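I opened this entry to record what I looked up, going from the whole chain down to single residues.

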Amino acid sequence: MMWIELSDLFWLALTATLCLSWWHNLKLREYATQKVKRYCSAQDVQLLDDNIALKSLRPVRDGDSGMLVLARRYQFYFTSTGDERYPGTIELTGRRVIRIELAAHKLN
């Protein structure tokens, strides 16, 4: 007969938590990417590489509920003329977009 020890349950729970956290972070990154694409389109600039990169992750208090949530800051690159790359950032608190900023760039 096989017995499950408490340490086995601990490692199983830890592994499941890490997998769920990784999956949740991927979904939030996809969400942020879609928001950046829409914003770039509205600003008449092109998102380069269709990609954003996580630059910082920190716990903050949510302004509405006061609960601890993770604030994420992603960086991306865009172009307005096709010749030069400019940086931009998007900041999320939970699933709420706090701000999207584009660096100063040439206009078409």
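I began with burial: 24% of the 108 residues of the protein chain count as buried. The model is a predicted one, and I read every value below with that in mind.

I then checked the exposed surface. The protein chain exposes about 8000 Å², and carbon and sulfur atoms supply 57% of that area.

Next I looked up the overall dimensions. The radius of gyration of the protein chain is 19 Å, where a compact globule of 108 residues would have one near 13 Å. Along the principal axes, the C-alpha atoms fill a box of roughly 75 × 35 × 20 Å.

For secondary structure I noted one helix and five strands. In sequence order the pattern reads α-β-β-β-β-β. I also looked at contact range: of the contacts between residues at least 6 apart in sequence, 40% join residues at least 24 apart.

I turned to the largest nonpolar core. Which of its 14 residues touch the most other members? I found Val36, Cys40, Tyr74, Phe76 and Ile90. The elements giving two or more residues to this core are α1 (6-42), β3 (68-79) and β4 (86-93). Helix α1 supplies the largest share, four residues.

I followed one of these core residues, Tyr74, in detail. Setting aside neighbours within four places in sequence, I listed its contacts in sequence order. They begin with Asn25, Leu28, Arg29 and Ala32. Then come Ile52, Ala53, Leu54 and Lys55. The list ends with Gly88, Thr89, Ile90 and Leu92.

Thr89 appeared in that list, so I looked it up as well, because it is buried at a relative accessible area of 15%, below the 20% cut-off. Thr89 lies in strand β4. Not counting residues up to four places away in sequence, Thr89 touches Arg73, Tyr74, Gln75 and Phe76. On the same terms, Thr89 also touches Arg99, Ile100 and Glu101.

Last, I checked the cysteines. Is Cys40 buried or exposed? Cys40 has a relative accessible area of 1%, so I entered it as buried. Cys19 has a relative accessible area of 46% and therefore went down as partly exposed, since that value falls between the 20% and 50% limits. How many disulfides does the model hold? I counted zero, taking a disulfide as a pair of cysteine sulfur atoms within 2.5 Å.

Definitions and conventions: Residues are numbered from 1 along each chain as its sequence is written. This is a predicted model: local features need pLDDT of at least 70, side-chain atom pairs count only at pLDDT 80 or more; totals for chains, interfaces and linings use all residues. Side-chain values use heavy atoms; hydrogens and water are left out. A nonpolar core is a set of buried Ala, Val, Leu, Ile, Met, Phe, Trp, Tyr and Cys residues joined through side-chain atoms within 4.5 Å. Buried means under 20% relative accessible area, exposed over 50%, partly exposed in between (1.4 Å probe, protein chains only). Contact means heavy atoms within 4.5 Å. The radius of gyration is taken over C-alpha atoms; the globule rule is 2.2 Å times the number of residues to the power 0.38. Accessible areas come from the Shrake-Rupley method with a 1.4 Å probe; for residues, only the protein chains shown count as cover.
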